[in-house]
Amino acid sequence: MRLVIARCSVDYAGRLTAHLPSAPRLILVKADGSVSIHADDRAYKPLNWMSPPCTLKEGSGDDQGTWTVVNKAGEKLIITMEEILHDSSHELGVDPGLIKDGVEAHLQELLADRIEILGEGYTLIRREYPTAIGPVDILCRDSEGATVAVELKRRGDIDGVEQLTRYLELLNRDPHLAPVRGIFAAQEIKPQARVLATDRKIGCVVLDYDAMRGIEDDKLRLF
């Protein structure tokens, strides 16, 4: 991972345009190729970013001090450096991945056993399908035989959609699986995550944990 603290301005050109005026910011360049721009607030959320696969080109000559990040759709993130305050690189190695809590692990087990929750005619390929960037929670096929990758969360936020996006980009390179579409499944899906998922043609499914466990709702019902 490369960490750069610099006074810079940032311009995004793609489906829409955005401009960040000059200010000191943290730029993260990760081993997966992603680039994100951070301020000293907003918790973990970047001001702007480019998800992999993308390429970073540092300008030279007349363009020295200009970084251009381009993704496969041709969208550009242009970072204009005015002053670099810090620049360092660190080898983090292979991350062991997130260990799911009991409920999330149980959700995965229950959904694998009741895969028809996702739709009539769905069949399970396997749980924890291995990839080079970590295991996909569930890989299955829909009623037409198409491959579907499922990412499971207790609370579905933007990070979960980004994670599933990376899995889909990798799985769709495998001719034995492609085309692969995604389903983001959670007990609760944040509105922002649903918007991002919809934009990326990823389906969303809200899971009722108690119903999946066979626990009846104790509230009065009218039939």
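# Briefing: strands, crossovers and backbone details

In this predicted model, Val-148 sits opposite Arg-181, a residue of strand β11. That pair belongs to the parallel ladder between strand β10 (residues 147-156) and β11, which counts 9 bridges. Strand β11 is a good place to begin a tour, and the points below work outward from there. Chain-wide confidence comes to a mean pLDDT of 89, with 92% of residues at 70 or more.

**Strand β11 and its parallel neighbours**

- Strand β11 spans residues 180-189, and 7 of its 10 residues are buried, so the rest of the structure largely encloses this strand.
- β11 also pairs with strand β12 (residues 203-206), again in the parallel sense, through 4 bridges.
- Within that pairing, Ile-183 has Gly-203 of β12 as its bridge partner.
- Helix α2 (residues 158-171) links up with β10 and β11 in a right-handed β-α-β unit.
- A right-handed β-α-β unit is also made by β11, helix α3 (residues 191-199) and β12.

**The antiparallel pairings of β7**

- Strand β7 (residues 76-89) runs antiparallel to strand β1 (residues 2-13), and 12 bridges join the two.
- In this pairing, Leu-3 faces Ser-88 of β7.
- Strand β6 (residues 66-71) is joined to β7 by 5 bridges, also in the antiparallel sense.
- Here Trp-67 is placed opposite Ile-79 of β7.
- β6 and β7 form a hairpin with 4 residues between them, and Gly-74 in the turn has a positive phi of about 85°.

**Two buried glutamates**

- Which strand holds Glu-151? Glu-151 is part of strand β10.
- Glu-151 has a relative accessible area of 1% and is therefore buried, the cut-off being under 20%.
- The side chain of Glu-151 makes a polar contact of 3.3 Å with the side chain of Lys-153.
- Beyond its neighbours within four places in sequence, Glu-151 is in contact with Asp-137, Gly-160, Gln-163, Leu-164, Tyr-167, Ile-183, Phe-184 and Ala-185.
- One of these contacts, Ile-183, is the residue whose bridge partner in β12 is Gly-203.
- Glu-169 belongs to helix α2, and at 19% relative accessibility Glu-169 also counts as buried.
- Not counting residues up to four places away in sequence, Glu-169 touches Pro-52, Pro-53 and Lys-72.
- How many residues apart in sequence are Glu-169 and Pro-52? They are 117 residues apart, yet their C-alpha atoms are 8.8 Å apart in space.

**Cis peptide bonds and positive phi**

- Most residues other than glycine have a negative phi, and most peptide bonds are trans, so the following exceptions deserve a look.
- Pro-52 and Pro-53 are joined by a cis peptide bond with omega of about 0°.
- Pro-53 is located in the loop between β4 (48-50) and β5 (54-58), and both Pro-52 and Pro-53 are among the residues that Glu-169 touches.
- Another cis peptide bond runs from Ala-178 to Pro-179, with omega near 0°.
- The loop that holds Pro-179 lies between α2 and β11.
- Glu-128 is not a glycine, but its phi is positive at about 50°.
- This residue, Glu-128, sits in strand β8 (residues 123-129) and is partly exposed, with a relative accessible area of 30%.
- Lys-201, likewise not a glycine, has a positive phi of about 60°.
- Lys-201 lies in the loop between α3 and β12 and, at 69% relative accessibility, counts as exposed.

**Cysteines**

- The model has 0 disulfides, a disulfide requiring a pair of cysteine sulfur atoms within 2.5 Å.
- Cys-54 is in no disulfide, and its nearest cysteine sulfur, belonging to Cys-8, is 16 Å away.
- Is Cys-54 buried or exposed? Cys-54 is buried, with a relative accessible area of 14%.
- Cys-140 is in no disulfide either, as the nearest cysteine sulfur, that of Cys-204, is 15 Å away.
- Cys-140 is buried too, at a relative accessible area of 0%.

**Where to read with care**

- The mean pLDDT of the chain is 89, but over residues 215-223 the pLDDT is below 50.
- This stretch, residues 215-223, has 2 contacts in the model beyond near neighbours in sequence.
- Where pLDDT is low, the predicted coordinates should not be read in detail.

Definitions and conventions: Residues are numbered from 1 along each chain as its sequence is written. This is a predicted model: local features need pLDDT of at least 70, side-chain atom pairs count only at pLDDT 80 or more; totals for chains, interfaces and linings use all residues. Side-chain values use heavy atoms; hydrogens and water are left out. Buried means under 20% relative accessible area, exposed over 50%, partly exposed in between (1.4 Å probe, protein chains only). Two strands pair if DSSP finds at least two bridges between them. A crossover is right-handed if, with the strands pointing away from the viewer, the path from the first strand over the helix to the second runs clockwise. pLDDT is the predictor's confidence in each residue, from 0 to 100. Contact means heavy atoms within 4.5 Å. A polar contact is a pair of N or O atoms within 3.5 Å; within protein, one must be able to donate a hydrogen and the other to accept it, and residues adjacent in sequence count only if both atoms are side-chain atoms.
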